[in-house]
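Student: I've got a protein model open and I keep running into words like "buried" and "core". Could we go through what such words rest on?

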Amino acid sequence: MNKKLLYTGKAKDVYQTEKTDEILIVYKDQATALNGKKKEILPGKGSLDCQISQLVFDYLIQNDINTHLIKNLSDHEQLVKKTDVFPLEVVLRNIASGSFSRKFQVEEGLVLEKPIIEFYYKSDALDDPFINESQIKALKIADEDQLTYIKRMTLRINELLKPFFEQANFDLVDFKLEFGRYKDEIILVDEFSPDNCRLWDKNSHHSMDKDVFRKHEGDLVETYHMVLQRLKNK
Ligand code: C5P
């Protein structure tokens, strides 16, 4: 395939294909934390992220969620629709952990009565600051209708993914999504892997996600491999 590198990210490279509205995502064997300040090459990671994300996206598509995924090309490459991505990270939390627990001094593991949605403005230079809905509208990042739709999609995806991960004996603690505009639709973009969600083993409550790398709690590649096997065998 004739391809031109469009963007090189922390975990993925993005190439333009011959078709103007399609791009190729190639997952990399690299793990980063603290917004890129901690970085390591981990052979096998890219293909695990991609395969896990493929399973999640295929399941969401079967359940009528519109996503950018066109085709899984290999265990580390996906052909996707080229969208105009909202510079927003949409975080949903079912259980208190991470920055929420730190910021509000809430006990890790507290099950939240209702899911919480938070927005962060995607900017490496600004370290992805928290942004509220009036700020999003004032900065014309998204309008009221788009925000309402994004929140509804995020809650729906959570309702689909909680049982999906439960069947593999994981609690879906929290996750981050990204959305893009494609023609006149808003669709789910990016990936869904243990890089951008928290999965706790239902029995041991051990982290089975990027926290093992962030907190030096175990081997990331081994952990992601176990996640993939459990999702495949559920
Ligand atoms: O760190 P924090 O608790 O705010 O993260 C919430 C969720 O969002 C976690 O699952 C984390 O992996 C994900 N996240 C992400 N990319 C970021 C920040 C958080 O995928 N830049």
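Tutor: Sure, let's start with K183, which is exposed, with 8 other C-beta atoms within 10 Å.

Student: Why is K183 called exposed?

Tutor: The rule counts other C-beta atoms, placed from the backbone, within 10 Å of the residue's own: 20 or more is buried, 12 or fewer is exposed, and in between is partly exposed. K183 has 8, so exposed is the word for K183. K183 sits in the loop between β11 and β12 (185-189), and its phi is near 50 degrees, a positive value in a residue other than glycine.

Student: And what are those β labels?

Tutor: They're DSSP runs numbered from the N terminus: helices (H or I) need at least four residues, strands (E) at least two. Residues themselves are numbered from 1 along each chain as its sequence is written. Also, this is a predicted model, where local features need pLDDT of at least 70, side-chain atom pairs count only at pLDDT 80 or more, and totals for chains, interfaces and linings use all residues.

Student: What makes D190 buried or exposed?

Tutor: D190 has 23 C-beta neighbours inside 10 Å, so by the rule of 20 or more D190 counts as buried. D190 is in the loop between β12 and β13, and its phi, near 65 degrees, is positive too.

Student: How do you know whether D184 is buried or exposed?

Tutor: Count again: D184 has 5 C-beta neighbours inside 10 Å, and 12 or fewer is exposed, so D184 is exposed. D184 lies in the loop between β11 and β12.

Student: How do you know how confident the predictor is in the chain?

Tutor: Look at pLDDT, the predictor's confidence in each residue, from 0 to 100. The chain's mean is 97, and 99% of its residues reach 70 or more. Confidence is lowest in strand β5 (residues 38-41), at a mean of 92, and highest in β9, at 99. For the complex, the predictor gives an ipTM of 0.99 and a pTM of 0.97.

Student: What makes a set of residues a nonpolar core?

Tutor: The members are buried Ala, Val, Leu, Ile, Met, Phe, Trp, Tyr and Cys residues, joined through C-beta atoms within 7 Å. The largest such core here has 47 residues, and those with the most contacts inside it are V90, F170, L172, F179 and L199.

Student: Why does this core lie between domain 1 and domain 2?

Tutor: Both domain 1 (4-81) and domain 2 (84-218) give residues to the core, so it lies between them. Those domain bounds come from an automatic or database domain assignment.

Student: How do you know which residues of the two domains are in contact?

Tutor: Two residues are in contact if their C-beta atoms, placed from the backbone, lie within 7 Å. On that basis, 17 residues of domain 1 are in contact with 20 residues of domain 2. On the domain 1 side, β4 (30-33) and α1 (45-62) are the elements that give two or more residues, and α1 has the largest share, seven residues.

Student: Last one: what makes a residue part of the shell around the ligand?

Tutor: Its C-beta atom, placed from the backbone, has to lie within 6 Å of the molecule. Of the 14 residues around the ligand, G98, S99, D174, K176 and N196 come nearest. β9 (88-95), α2 (98-104), β11 (170-182) and β13 (197-201) each supply at least two residues of that shell.
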